[in-house]
Amino acid sequence: MKIKTRKLKNNADDNLLPLVNIIFLLLIFFMMVGIIERKKDLYDINLATVKLEQYKDQNKTILFIKKNGSVIIDDEAIITKNLQRTLESKNIKGDIIIAADSTLTSLKLNKVLTNLHNSKIDYITLITLKE
Amino acid sequence: MTKISLTPIIDVVFILLIFFMLATNFQQFNKIDMNISAESASVSQSDKKIYMLEFDVQNIFSLNKKNMSLGQIIKIILNNNLKEDEYLVVVKPSDKIELQKTLDVISDLKSNNIKNISLGVKNNRVQNEN
């Protein structure tokens with residue numbers, strides 16, 4: 001009886017090894033280099049750009065100001081005239097982080113800052129994009 | 001010995017790769033720290049030298065109501081050789097100035113080692129009527 005000898009197939013997987021290597025390297029790169037964080041929801045706010053100090057995540061309240069001057073705190077849209085009351089009800093004191101639209105006019109920013117000043121918040125950190 | 005096929009591994013690795021590519025955020029933020037000072041407060045800080053820097057949409061700058069360029073303003077502040085706690089620069093942009101322009105001016109001041117900068121706000125009741 002003739003015994004069939006199975007030819008050893010050229011394993012196509014062997015050619016995949018360099019590909020796997022590269023993919024693994026890319027994977028490690030993205031795992032190591034990338035700062036995985038909850039992407040900041042900027043509510044369509046285009047931040048201004050400056051060259052100054054780098055911002056590091058802080059556990060402080062972020063106050064978003066859109067270009068029409070509307071304010072968002074803790075995912076909640078707030079009318080400017082109610083801002084002071086909201087800050088007091090949320091017990092926000094001391095310093096605060098502001099993410100404001102780059103096209104926001106001084107007049108609109110002034111209204112928000114006045115409310116902050118009246119709520120005894122006199123120190124702000126404006127976050128911007130890195131230039 | 002059973003040989004493990006590489007194809008499913010590649011599938012998984014590709015999915016992981018796509019996940020990390022999408023989840024990774026390379027965007028970096030910068031920050032500007034500053035104080036807010038109301039008009040009344042800045043006047044009361046008489047122990048400090050107050051520099052009131054105002055500018056408008058036409059790029060006309062003024063220091064304590066005297067028109068001059070931003071470069072000249074920076075020179076004047078620096079030439080006074082005051083310590084950080086001996087002066088205060090109150091930046092007061094006109095109403096129509098956009099934030100980017102204000103931050104450009106503040107950024108120019110800070111990069112010239114002028115640190116004690118405050119953003120001036122008009123402290124009146126009209127501001128709250130919105």
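Is A:N91 buried or exposed? Select A:N91 to find out: 7 other C-beta atoms lie within 10 Å, so this residue is exposed. Keep in mind throughout the tour that this is a predicted model.

**Stop 1: two loops in chain A**

Stay on A:N91 for a moment. The residue sits in the loop that links helix 2 (83–89) to strand 6 (95–100) of chain A. Now check the backbone torsion: phi of A:N91 is near 55 degrees, which is positive although the residue is not a glycine. As a reminder of the background, most residues other than glycine have a negative phi.

Next, select A:D74. This residue belongs to the loop between strand 4 (71–73) and strand 5 (76–78) of chain A. Here too phi is positive, at about 50 degrees, in a residue that is not a glycine. A:D74 has 12 C-beta neighbours inside 10 Å and therefore counts as exposed.

**Stop 2: strand 3 of chain A and its partners**

Select strand 3 (residues 62–65) of chain A, together with strand 4 and strand 6. Strand 3 and strand 6 of chain A run parallel and are joined by 4 bridges. To see one of the pairs, pick A:F64, whose bridge partner in strand 6 is A:A99.

Strand 3 and strand 4 of chain A run antiparallel, with 3 bridges between them. Here, pick A:L63 and look for its bridge partner in strand 4, A:I73. These two strands form a hairpin with 5 residues between the strands, and in that hairpin A:G69 takes a positive phi near 95 degrees.

**Stop 3: chain B as a whole**

Switch to chain B and colour by secondary structure. You should find 4 helices and 7 strands, arranged along the sequence as α-β-β-α-β-β-β-α-β-α-β. Of the 130 residues in chain B, 27% are buried. If you have a contact map open, look away from the diagonal: among contacts in chain B with a separation of 6 or more, 73% are between residues 24 or more positions apart.

**Stop 4: where the chains meet**

Show both chains. The contact involves 48 residues from chain A and 43 from chain B. On the chain B side, helix 1, strand 1 (24–25), strand 2 (29–38), helix 4 (99–111) and strand 7 (117–121) each supply at least two residues. By class, the residues on that side are 21 nonpolar, 14 polar and 8 charged.

Which strand of chain B pairs with strand 7 of chain A? Select strand 7 (residues 123–130) of chain A and you will see strand 2 of chain B running antiparallel to it, with 7 bridges between the two. One pair to label is A:Y123 with its bridge partner B:N35.

**Stop 5: helix against helix**

For the last view, select helix 1 (residues 17–33) of chain A and helix 1 (residues 6–23) of chain B. Their axes are 9 Å apart and meet at an angle of about 30 degrees. Angles under 35 degrees count as roughly parallel, so that is how these two helices run relative to each other. The crossing of helix 1 of chain A past helix 1 of chain B is left-handed.

Turn on side chains to see who meets whom. From chain A, the residues in this contact include A:V20, A:F24 and A:M31; from chain B, they include B:L6, B:F14 and B:M21. Sorted by class, the helix-to-helix contact has 15 nonpolar residues, with no polar and no charged ones.

Note on methods:
Residues are numbered from 1 along each chain as its sequence is written. Chains are lettered from A and ligands numbered from 1 in the order in which they are written. This is a predicted model: local features need pLDDT of at least 70, side-chain atom pairs count only at pLDDT 80 or more; totals for chains, interfaces and linings use all residues. A residue is buried if 20 or more other C-beta atoms lie within 10 Å of its own, exposed if 12 or fewer, and partly exposed in between; C-beta atoms are placed from the backbone. Axes are lines fitted to C-alpha atoms, for helices over the stretch in contact, and angles run from 0 to 180 degrees between N-to-C directions. Angles under 35 degrees count as roughly parallel, over 145 as roughly antiparallel, 65 to 115 as roughly perpendicular and the rest as oblique. A crossing is left-handed if the near helix is turned anticlockwise from the far one by less than a right angle, and right-handed if clockwise. Two residues are in contact if their C-beta atoms, placed from the backbone, lie within 7 Å. Ala, Val, Leu, Ile, Met, Phe, Trp, Tyr, Cys and Pro count as nonpolar, Asp, Glu, Lys and Arg as charged, and the others, Gly among them, as polar. Two strands pair if DSSP finds at least two bridges between them.
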